[in-house]
Amino acid sequence: MRKDLISMEDLEKNEIQEYLTMAEKVEAMPLEERVKLLPGRIMAAMFFEPSTRTRLSFESAMHRLGGSVIGFAAKDATSVAKGESFTDTIHTVESYSDILVIRHPGEGTARLAAQESYLPVINAGDGANQHPTQTLLDLYTIRKDLGKIEGLKVAFVGDLKYSRTVHSLIRALMKFNVTDFTLVAPETLRLPEYFMHSDEPGRFRFHETERIEVAIQECDVLYMTRIQRERFPDLVEYEKVKDSYVLTAEMLSEAKDHLRVLHPLPRVNEIAYDVDNTKFAGYFPQARNGVIMRQAILLKHLGVTL
Ligand code: CP
């Protein structure tokens, strides 16, 4: 069993399946049984970057397993604001808790924390790099909603350059024999070439387009993303692309009957509110699945088997 959860790149398919199976078992358990699983254990939520879903679903997950939570939601509320280093902060918090959940704007910071700490470290998002707990809940949602992952046609829309949720999910889907991807992005936000590489040339098809209509008609999963203002070194470039794609209910009239529209959230305006009332909208149930999957992650990394 790995001590840490840092990147989807680290995980074999069977390891990913173990998280999915654990989440299924957790979901099947009555709440009054779940709350007996982690009494006396403490999770440290160390969020150096804003979050609603990841932080609060981890906190909810831990409380509902009978554990408790310490932590911070902004670095300004910690001694980092006085000049304390990241590693000193890790070594301090590790003596107050049993597991560290870390979000940080710096790519590679979760791995650094994992190397420094004897405790399990869970990456809750490191810059534009990886967001593995989001990916696990995305996979769980896809399998729950569509009955399988293998062989689906998946489209990603929006910021494919900086989106850590996209980077994590594409690598995971490739391990699940998803071979057909449609990538919809403005020229300046295309998926970095690196993510399209595979040891098996020709096995995966990446169809790049700037037309969202193509993705709506052909795909089983339409994964929308926010254009992330905070990732742009030059805000003039952000202004040029910020409203590139706005999905509306009317646009979905050409979709396959079973299409699921997913989004890691938060949205800004890339999904119109009228989509929420369609049968295609899967993003709020997706966010709800975050608690289940994060319970599975906490249990696995704290050594509890079901
Ligand atoms: N999906 C996600 O990471 O959302 P938050 O930024 O609100 O945690």
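1. In this predicted model, Leu265 is in contact with Arg53, Tyr283, Phe284 and Ala287, once its neighbours within four places in sequence are left aside. Leu265 sits in the loop that runs between strand S9 (260-262) and helix H10 (283-301). Its relative accessible area is 11%, and because buried means under 20%, Leu265 counts as buried.

2. Arg53, one of the contacts of Leu265, has its place in helix H3 (residues 53-64). Not counting residues up to four places away in sequence, Arg53 touches Phe58, Pro264, Leu265, Pro266, Ala287 and Arg294. Is Arg53 buried or partly exposed? With a relative accessibility of 26%, Arg53 counts as partly exposed, whereas Leu265 is buried.

3. Both residues also appear in a record: an unreviewed UniProt entry lists Arg53, Thr54, Arg103, His131, Gln134, Leu265 and Pro266 under "binding site". Of these residues, Arg53, Gln134 and Leu265 are included in the lining of the largest cavity.

4. Turning to the interior, the largest nonpolar core has 60 residues, of which Phe156, Phe181 and Met293 touch the most other members. Helix H10 gives the most to this core, with 7 residues, and the core draws at least three residues from each of domain 1 (8-130 + 288-301) and domain 2 (132-284). Apart from this core lies another, of 21 residues, which has Leu222, Leu252, Ala255 and Tyr283 among them. In soluble globular proteins, nonpolar side chains tend to be buried together.

5. For Phe181, leaving aside neighbours within four places in sequence, the contacts are Val154, Phe156, Ile170, Leu173, Met174, Phe204, Arg205, Phe206 and His207.

Technical notes
Residues numbered from 1 in each chain as written. Predicted model: local features only at pLDDT ≥ 70, side-chain atom pairs only at ≥ 80, totals over all residues. Heavy atoms only, no water. UniProt positions renumbered as here; feature names shortened; annotations may be inferred. 1 Å grid on protein atoms, 1.4 Å probe; cavity = no way out; pocket = protein on both sides within 12 Å on 5 of 7 lines; lining within 4 Å. Helix = DSSP H or I, 4+ residues; strand = E, 2+ residues; numbered from the N terminus. Buried < 20%, exposed > 50% of the residue type's maximum accessible area, 1.4 Å probe, protein only. Contact = heavy atoms within 4.5 Å. Core = buried A, V, L, I, M, F, W, Y, C linked by side-chain atoms within 4.5 Å. Domains from an automatic or database assignment.
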